[in-house]
Amino acid sequence: MKEHGIEVVRRSSWYRSAPVPVSDQPWFVNGVVQVRADWPPEPLLKALHAVETEYGRVRLRRNESRTLDLDLLAYDDRIIDQPDKLVVPHPRIQDRAFVLLPLDELVPRWRHPVSGLTAREMLRSLPPGQVVERLSSD
C-alpha cells in the first residue's frame, strides 16, 4: 500500500472466518487497518482497488472468490452515499462479525456515524452463527 501513498498506521490481529454469505469458498483471513493518505475517500478507494488488482483480484460479480478484498469501512466521521460508486461507512459493516471484531480491537471508541453504535454494541446485536476465530495479534 505504501507504493500507492497509503500509510498503515496500525492494524488489528488476524481473524479467520467462514464466507458471508455462506458458500463453498474457502475461509477468509480478515483484519482491520487504520491508514493515513493525502487524498479524499474516492481516490483512496481507487488506490485500494489498484492494490487488489496487483494481487490478482478480478471483479466480475459480487461475493465471488477473491485473492484480496480491501474495503473502505469508514473515513473519519463522514457519511457518503453514492450507490454503485462509494458508500461510507461501509453499508454492511454492522452485519459482519469478521469486520466488527477486529474493528473493536483496533478502535474500541469508534462510533458508526449514522447509528452512533460502537463495534462492540453492533456485535452484540448480531444473530448467532457467524464463525470467527482470532489467529494472532502479530
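**Strand β2**

I started with the two faces of β2 in this predicted model. Tyr15 and Ser17 make up the covered face of β2. Trp14 and Arg16 sit on the uncovered face.

Next I looked up the partners of β2, residues 14–17. Three bridges tie β2 to β3, and the two run antiparallel. Four bridges tie β2 to β7, again antiparallel.

I then went through the pairs one by one. Tyr15 has Asn30 in β3 as its bridge partner. Ser17 has Phe28 as its bridge partner in β3. On the β7 side, Ser17 stands opposite Val132.

**The sheet**

I asked in what order the strands of this open sheet lie. The order is β3-β2-β7, three strands with antiparallel pairing. β3 (28–30) and β7 (132–136) are the edge strands, and each pairs on one side only. I noted the twist too: neighbouring strands here are turned by 35 degrees against each other on average, direction ignored.

**Helix α1**

I checked the length of α1 first. The helix covers residues 41–54, which is 14 residues. At 1.5 Å a residue the expected span is 20 Å, and the end C-alpha atoms are 20 Å apart, so the two agree.

Then I listed what is buried in α1. The residues are Pro41, Leu44, Leu45, Ala47, Leu48, Val51 and Glu52. They cover an arc of only 160 degrees around the axis, so they lie on the same side of α1. I noted that Glu52 is in this buried set.

Which exposed residues does the face turned away from the buried side carry? I found Lys46, Thr53 and Glu54 there.

I also looked at what the buried residues of α1 pack against. The elements are β1 (6–11), β4 (33–37), β5 (80–82) and β6 (86–88). Just after α1, Gly56 takes a positive phi of about 90 degrees.

**Helix α2**

I turned to α2, residues 97–106. How many of its 10 residues are buried? Eight are, so α2 is largely enclosed by the rest of the structure. I wrote them down: Ala97, Phe98, Val99, Leu100, Pro102, Leu103, Asp104 and Leu106. Asp104 is among these buried residues.

I looked for what covers them. The cover includes β1, β2, β3, β4, α3 and β7. The strands of the open sheet, β3, β2 and β7, are thus all on my list for α2.

**The cores**

The largest nonpolar core has 13 residues. I looked up which of them touch the most other members. They are Val32, Leu73, Ile93, Val99, Leu100, Leu103 and Trp110. Two elements give two or more residues to this core: α2 (97–106) and α3 (119–124). The most comes from α2, with six residues.

I followed Val99 further. Leaving aside neighbours within four places in sequence, Val99 is in contact with Val32, Leu73 and Ile93.

A second, separate core has 12 residues. Leu44, Leu48, Leu70 and Ile80 are among them. Leu44 and Leu48 I already had as buried residues of α1.

**Loops**

I looked at Thr118 in the loop between α2 and α3. Is Thr118 buried or exposed? Its relative accessible area is 11%, and the cut-off for buried is under 20%, so Thr118 counts as buried. Leaving aside neighbours within four places in sequence, Thr118 is in contact with Pro108, Trp110 and Arg111. Trp110 I had met before, in the largest nonpolar core.

I checked the peptide bond from Val88 to Pro89. The bond is cis, with omega near 0 degrees. Pro89 lies in the loop between β6 and α2.

I then noted residues other than glycine with a positive phi. One is Asp76, with phi near 50 degrees. Asp76 is in the loop between α1 and β5. Its relative accessible area is 63%; exposed means over 50%, so Asp76 is exposed.

Asp84 is another, with phi near 65 degrees. I located Asp84 in the loop between β5 and β6. At a relative accessible area of 88%, Asp84 is exposed.

Terms used: Residues are numbered from 1 along each chain as its sequence is written. This is a predicted model: local features need pLDDT of at least 70, side-chain atom pairs count only at pLDDT 80 or more; totals for chains, interfaces and linings use all residues. Side-chain values use heavy atoms; hydrogens and water are left out. Two strands pair if DSSP finds at least two bridges between them. Axes are lines fitted to C-alpha atoms, for helices over the stretch in contact, and angles run from 0 to 180 degrees between N-to-C directions. A nonpolar core is a set of buried Ala, Val, Leu, Ile, Met, Phe, Trp, Tyr and Cys residues joined through side-chain atoms within 4.5 Å. Buried means under 20% relative accessible area, exposed over 50%, partly exposed in between (1.4 Å probe, protein chains only). Contact means heavy atoms within 4.5 Å. The expected span of a helix is 1.5 Å times one less than its number of residues. The arc is that of the directions from the helix axis to the C-beta atoms.
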